[in-house]
Amino acid sequence: MYFTADFLRRGLRPGGRHGLSSRESRDPIGLAVAGLNRLAQSEVIDRLGLRRQTEQAVFTVTRSGFRGATAAGRTFARMGTRGAPGTRPAAARADDRFDLTPTEDEQMLVDVVGEFAAEVVRPAAADADAACAAPESLLQASLEIGLPILGVPEALGGISEERSAMAGTLVAEALAKGDMGLAVAALAPGSVTTALGLWGTDAQQQTYLPAFTGDDVPAAALALTEPTVLFDPLTPATTARRDGDGFVLDGLKSAVVRGAEAELFVVGAELEGRPVLFLVESSAAGLTIEADPAMGVRAASLTRLGLSGVRVPADAVLGETDGSTYTECVRLSRLAWCALAVGTGQAVLDYVTAYVNEREAFGEPISHRQAVAFMVADIAIELQAMRLVTYKAASRAARGEDFAREVALARSLCADKGMRIGLDGVQLLGGHGFVKEHPVERWYRDLRAIGIMEGTVLV
């Protein structure tokens, strides 16, 4: 019996495998699943004749799943003037020229983030994908280079002198060149602070933003996606109803980044026929969280967020209740995903270019084959088209102009051609493209998210 008890104790630690975060704090059912799985692998149960009973127990508990409460989180001190408008970043200066060259400040930021992506993100990507969790050291490093406060106005402790859609797009692209999953994990808190900077009231900004501009930055997540067939982000199934001096939220959100550790959520819900954003603290009663691993973007520790009778105060509404704020949030999120597609596509192009020039067949590099050279050229052409239309949408958003048409074009192009780039990247590596020894198979899986994911990140 000592052997069995010790065997189980070693198996109850968070393993970081099969969709479970390496920092997961398991509830009793989660512990039971871990223990039963470890026991099912033991030869002891065969000697005791308990194989069938144990496997049945594993099946039953796993089928039912495990669910736990969200992180208790900190208590955000209520500050600011309730109902007063918040501080807004100024719109970027308009220029009649169509010039997408980054400014000196933007280029400096991209250089820093690009170095971070190459030296920190890329080496950690494979292990993070397998563990479905970003390394804590990497997340801490992302705080040090200012990612959470990129979209926060200087007056509120951030680094943004003007609206940051263009800078955010460039940063997302640079990070995704290292790894899309880790980029999403690092950008998630900054997406919430950007939303607060764009639409928050004075009270909301003064209550929440100081936590993100200090030393102990909380995890936070934007929750728009829902696990429904043909999901339309502009008509969420999650509902909000007025109740006394507040609101009650009910529904289920999916693809919530680092939900198990998030302390603040921006949740989309339908209120009186209009989609609206709500600020929900993780300590709110009625919130539950469970693992939601996907085929790609696995390092972002995706989860499902359940809302069952979650009560929030009247001032939890973020932005307008006529649907305009929510619609702009969806568009800025789609813009962020386009930037991530461009960065990952660039990673594919760089990798396959070097590969086909070094890989030899019949005494010469395979890049000398016309079919191979044309395929690489097509990747470069489509990637540049994706980049230009994404930058154009971002520049219009930064200037405060209507960018609905541009972001729709960018979304369509990046979803279609991004997947094609991933597919061609795998094809160019042949058998090597199908194995995890090379990162292209992971980038292929990640690029599939562009046409599916809604919310999660924004610029």
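Trainee: Which residues in H5 are buried?

Mentor: This is a predicted model, so keep that in mind as we go. Buried here means under 20% relative accessible area. In H5, Glu-106, Leu-109, Val-110, Val-113, Phe-116 and Ala-117 are buried. So are Val-121, Ala-124, Ala-125, Ala-128, Asp-129 and Ala-131.

Trainee: What do the buried residues of H5 pack against?

Mentor: Look for their helix partners. They pack against helix H6 (136-144) and helix H7 (165-176). Helix H8 (180-199) and helix H13 (440-447) are also partners.

Trainee: How do I check the span of helix H5?

Mentor: Count residues, then compare the ends. Helix H5 covers residues 104-131, which is 28 residues. At 1.5 Å a residue, helix H5 should span 40 Å. The end C-alpha atoms of H5 are 38 Å apart, which agrees.

Trainee: Where is the kink in H5 centred?

Mentor: Find Ala-125 in the structure. The kink in H5 is centred there, at about 50°. Ala-125 is also one of the buried residues of H5.

Trainee: What comes just after H5?

Mentor: Cys-132 does, and its phi is positive, about 55°.

Trainee: Now for empty space. How many cavities of 30 Å³ or more does the structure hold?

Mentor: Start with the general idea. Rolling a probe the size of a water molecule over the atoms shows where empty space is left. In this structure there are three cavities of 30 Å³ or more. The largest cavity holds about 140 Å³ of space. Its lining has 16 residues, and the closest to its centre are Leu-150, Gly-168, Leu-187, Leu-458 and Val-459.

Trainee: Which elements give two or more residues to that lining?

Mentor: H7, H8 and helix H10 (324-358) do. H8 gives the largest share, four residues. By type, the lining of the largest cavity has ten nonpolar residues, six polar and no charged.

Trainee: What lines the second largest cavity?

Mentor: The second largest cavity has about 50 Å³ of space. Its lining includes Pro-89, Gly-151, Glu-162, Arg-163 and Val-459. Here the lining divides into five nonpolar, four polar and two charged residues. Val-459 also appears among the residues closest to the centre of the largest cavity.

Trainee: Let us step back. How many helices and strands does the protein chain have?

Mentor: The protein chain has 13 helices and eleven strands. Of its 459 residues, 53% count as buried. Now take the contacts with a separation of 6 or more: 77% of them join residues 24 or more positions apart.

Conventions:
Residues numbered from 1 in each chain as written. Predicted model: local features only at pLDDT ≥ 70, side-chain atom pairs only at ≥ 80, totals over all residues. Heavy atoms only, no water. Expected span 1.5 Å × (residues − 1). Bend = angle between axes of the 7 residues up to and from the residue. Buried < 20%, exposed > 50% of the residue type's maximum accessible area, 1.4 Å probe, protein only. Contact = heavy atoms within 4.5 Å. 1 Å grid on protein atoms, 1.4 Å probe; cavity = no way out; pocket = protein on both sides within 12 Å on 5 of 7 lines; lining within 4 Å. Points joined across faces, edges and corners; volume = space filled by probe spheres on them. Nonpolar A, V, L, I, M, F, W, Y, C, P; charged D, E, K, R; others polar.
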